[in-house]
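Me: I want the labels on this structure justified, one at a time. Please set each value against its definition and then conclude.

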Amino acid sequence: MAKSRGGRGAPLGRRISRRRFIQIAGAGIAGAALLEVTGCGGGGGGGGGGGEFTFSFGPDPSGSLQELVKRFNGQFEGEYTATYREMPSDTGQYFNQLQTEFQSGQSNIDLIGGDVIWPAQLAAPGYIADLSDRFPEEDQQAFLPGPIESNTYDGTIYGVPWFTDAGLLYYRTDLLEEAGLDPNTPPETWEDLKAQATEVAEATGAQNGFVFQGSNYEGCVVNGVEYIGSHRGSILDPNDSSVVTVDSPEAIAGLTTMASMVADGASPQAVANFTETESQEAFLQGNAVFIRIWPFLYGLLEDPEASTIRPEQVGVAPLPAGEGGESVAGLGGWNFMLNAASQNLDAAYEFVKFATAPEQQKFRALEGGFLPTLQELYEDQEVLDAVPVIKLAGAETLQSTVPRPISPYYSDMSLRLAEQFNGVVKGETPPEKAAATLQEQLTQIIEQGS
Amino acid sequence: MTTAQPEKKRRGVLREEFGNPERRTAYYMILPTVFIILVVAFYPILYSLVLSVTDSNINVFGSFVGLENYVNMFQNVEFREGLVNTVVYTVISVFFEFIIGLAIALAINRAFRGRGVVRAAVLVPWAFPTVISAVMWRLMFQDQVGVINYVANAIGLISEPILSDRTLLLIAAILVDVWKTTPFMALLLLAGLQTIPGDVYEAARVDGANVMQRFFRITLPLLKSAILVAVLFRTLDAYRVYDLFWAMSNREVESLSTFVYKSLRVSQLLFPTGNAAAVFIFVTAFLLALSFIKVLGMQTSTED
Amino acid sequence: MAAASASGSRGGGLNMVLFYVFLILFVLVSVAPLLWVFKMSIVVKTELFASPPTFLPQNPTAASYGTIFGDERFQKALVNSTIISGVTTVICLFFGSIAAYAIARLRFRFKSIVMTLILAISFFPGVAIIAPLFLQYRTLGLIDTYWAAIITDTVFALPLTVWILVAFFKELPRDLEEAAQVDGATTLQAFRKVIVPLAAPGEFTTAILTFIFAWNEFLFANTFLFDANTQPVTVVIPNFATVYTVDYGAQAAAAVTVTIPLVILVLIFQRRIVSGLTAGAVKG
């Protein structure tokens, strides 16, 4: 060992230093060159002046969104240019990405195509712009009331509804007939639904009676909201969102119904880990008699590659009501919101006006089956033909929706709600306990938040 | 050959270190690595540490609250659940991965026909993209369409959907991880086996040692460094497991990292607790590594 | 475990049979899920979710492969993945080797501290440092460039690289450097010309592990890279979906497509993993 030191020590040292230095410098230069080449792609503000802006939304393989962007750019050529930035398909990841970028103080996104549960969460910290000036009350009247409500936080409007969704009941008319029931009178109460589901499944040998989404995730919250709402209960007081009302006889009745689906055998145990995918596949493979799911299912029904059953075998109806309650549909859908820190708000809002105009909403309905948010389109014959769901379920259904709790802390609430609702579906948590726990947790969240 | 005097000992040490050309070379050689890691990691770790003693939320920087977040963290049911799940998962999966990985490495080390193909096939699970892996496995475990659930049901192993039962899910996660990561262990142990010269075994055999004795007295000790690296890194990775629990169990089963993710990136109000948990993971992983190194013995000095 | 012996055992017929059975079983278990995913990529959509599941595809179709190969984003993503993984591997090997060599073979203090410091980043859960890292990269203007992913991957791969190579270099006989220096080589020359070739198995093992790690990295690529210009396959594959439905067939096809090159890579380099010292290159 001692041989490596001393002796040749000093001259070795200096020679090595120079060589190392050249190596490091060379690597540095190569690195810098590489940096130039790979470039600062899309970083920094989007466009800036010149009417260029970036619009974010999830993937759209159908191509109707790209078409929309192209039309806009064509119509406003020279004035405004929209660039579509594809975000993660998973809505939770999309939201996380937005938050990460906004927290860092700078995002290249000017216009957000956002989920219906985001406005309050993004408005409270001031990430999205107040649209009261651009989108006044008179204009708001033309849209469906549910989506407008979901875009309102603290009395101010923060988003413009783009397309909407509502929970619906689909059922196999042919199986009902086979079992001797009238396919034109779907069940109107949850008790009826359970009875029919069990009866028909037994008579026809179908694998499952009624399937819905009960896994521990956002979709389960919508299901829960529907059960509670259909028994005239609510999670937050509709008039004052700082009051928690989930621990009430009505809500408990709703949760009891939700639990009874599996308990009484109408639904398989596995619904406790079903998301849209699993439940829709059970139905499309012909293995379920009833399903609660969003309107997009109808598009899949019409596609012979995606479904083994045909649209003629399927009926659509509003969701059942609870005892002494009413039929409600959980609200879904996507809206336009503007990045408050953007420099291109005018340009971005032009796109909003363009995309929410009757012509473009109709185009998206005809091309992709996206439900419009303008009231007038629900009387347009072409739209009704292109989106059979509207006619089958009844246009009123799609207009009478109930939103999930609107709160800046909805993410926290959603975690708690999903957990308890999932416990209820599994039969692990009695409805009274779930309601009491939620009352406590949600109250704490609201207190902590303010 | 130090020139340091007692009072100037510290300065003497530094001068001894940097004055010596060989040592200087050594420092230049480790510099880039240490530099990159420190620069990139320093700020984030500091960030988490600072936030963990404040009551900030995701948008607003809060005020100092001492150890309150840590107390909350230990009182949080989900955190405790995550801790238990993570420890169980780590111990069991690393254990099996080590045993099976060693067996594979020993087997592949011999010359036999088709060795190359076997080596490549062995690496398939490790190469399989993680992002799809969790989702695909979930589909395979799924109640109605999953092949594994179907087979397990058919042979009477289970009576309820795998994805609905927390214990079964944990077992499933362990199985998936063993499948995926054993190749990693096998590869590292194989590389270690390669450094053992054949003549050592020859000599031992000539001396009459049998297979077991050769294994325990020669192979294992000579493999110590490779074992240390393999088991240490695998343990650290398993301890920080996130993907498998979040995507495959769809939030049913909690791990330490899913708790951190949930608190930091999904929830707004659990943010301070999440940071505390992140620091907790950091500290415990650090202690874990130290104990490994102590037990398995990392020789960093060049004397022999 | 009777097969445990580095020099061909003379255990006889039963031993060999057991050995091969064990091997075949192992290969099957390793490859079975990939075969299942392959089946998912060639079945018709309706069969994907057949209940109960089918074992052999009823109407095999290449539609899913058509989808992914017709997708420009996917093609660009393959290139991006290769660049990111390749550069990460090269940087890791370069800096990691010289650091490992210094730790393993040269004398200096603070070795334990350095080794532990290098390991430090592996103690931290990735999900916890996304936000601060994002801020850092944003400040440096590296967001949405390859470098954000490359630097992050490098930092997370360096610990393993260094530790493996330290273990490796330590196994090499002591006299190597001395022999080289007797011939007039400097420390670095000795390193380059003598040590590196002999440590090839370690280097290749590390290279493969690092490449695969960077190739499969998702969390950071998803957050730091914004569009098709830079996104690797791990980010693009889950986006074969809409906000409502997921195209599992396409994702399965993509999974198969990105795994095959890795396996081929290993097939090519697997000899390098094992060539080396057992050949008795260095005799005392």
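Reply: What follows takes the labels in turn, for a model that is predicted.

Me: What makes L377(A) buried rather than exposed?
Reply: The cut-off for buried is 20 or more other C-beta atoms within 10 Å. L377(A) has 21 within 10 Å, so L377(A) is called buried. L377(A) sits in the loop between β14 (371–372) and α15 (381–386) of chain A.

Me: Which residues does L377(A) touch, leaving out those up to four places away in sequence?
Reply: They are P358(A), Q361(A), K362(A), A365(A), P372(A) and V383(A). Contact here requires C-beta atoms within 7 Å. P358(A) lies 19 residues from L377(A) along the chain, and their C-alpha atoms are 7.1 Å apart. That distance is between C-alpha atoms, whereas the contact criterion uses C-beta atoms.

Me: How much of chain A counts as buried?
Reply: The figure is 53% of the 450 residues of chain A.

Me: Why are β8 (208–211) and β12 (314–317) of chain A said to stand at the edges?
Reply: Each has a single partner strand, so one side of each is left without a neighbour in the sheet. The order is β8-β11-β7-β12 in chain A, an open sheet of four strands with mixed pairing. On average, neighbouring strands of this sheet are turned by 15 degrees against each other, direction ignored.

Me: How do you know that β8(A) and β11(A) pair?
Reply: Pairing takes at least two bridges. β8(A) and strand β11 (residues 288–293) of chain A have three bridges and run parallel. The test is therefore met. N208(A) stands opposite A288(A) in β11(A).

Me: What makes helix α11 of chain A a helix that packs on the sheet?
Reply: α11 (residues 276–284) of chain A touches β7 (168–172), β8 and β11 of chain A. The direction of α11(A) makes about 145 degrees with that of β11(A).

Me: How do you know that β9 and β10 of chain A pair?
Reply: The minimum is two bridges. Strand β9 (residues 236–237) and strand β10 (residues 240–244) of chain A are joined by two bridges, and they run antiparallel. The pair therefore qualifies. D237(A) has D240(A) as its bridge partner in β10(A). β9(A) and β10(A) form a hairpin, with two residues between them.

Me: How many helices and strands does chain A have?
Reply: Chain A comes to 19 helices and 15 strands. Among its contacts with a separation of 6 or more, 74% are between residues 24 or more positions apart.

Me: Which stretches form the domains of chain A?
Reply: Domain 1 covers 52–165 + 331–402, and domain 2 covers 168–330 + 405–449. Their centres, taken over C-alpha atoms, are separated by 26 Å. Across the boundary, 20 residues of domain 1 of chain A contact 21 residues of domain 2 of chain A. On the domain 1 side, α16(A) gives the largest share, four residues. By class, that side has 11 nonpolar, eight polar and one charged residues.

Me: How many residues make up the contact between chain C and chain B?
Reply: Chain C gives 94 residues and chain B gives 87 residues. On the chain C side, α13(C) supplies the largest share, 13 residues. That side divides into 65 nonpolar, 22 polar and seven charged residues.

Me: How many residues of chain C contact chain A?
Reply: The number is 37 residues of chain C, in contact with 41 residues of chain A. α6(C) gives the largest share of the chain C side, five residues. The classes there are 17 nonpolar, 13 polar and seven charged.

Me: What confidence does the predictor give chain A?
Reply: The average pLDDT is 87, and 89% of the residues score at least 70. Two stretches deserve a separate word. Over residues 1–19 of chain A, pLDDT stays under 50, and the model has 20 contacts beyond four places in sequence for them. Over residues 32–48 of chain A, pLDDT is below 50 as well, with 35 contacts beyond near neighbours in sequence. Local features need a pLDDT of at least 70. Both stretches therefore fall below that cut-off.

Technical notes. Residues numbered from 1 in each chain as written. Chains lettered and ligands numbered in written order. Predicted model: local features only at pLDDT ≥ 70, side-chain atom pairs only at ≥ 80, totals over all residues. Contact = placed C-beta atoms within 7 Å. Nonpolar A, V, L, I, M, F, W, Y, C, P; charged D, E, K, R; others polar. Domains from an automatic or database assignment. Axes fitted to C-alpha atoms, helices over the stretch in contact; angles between N-to-C directions. Buried ≥ 20, exposed ≤ 12 C-beta atoms within 10 Å, placed from the backbone. pLDDT = per-residue confidence, 0-100.
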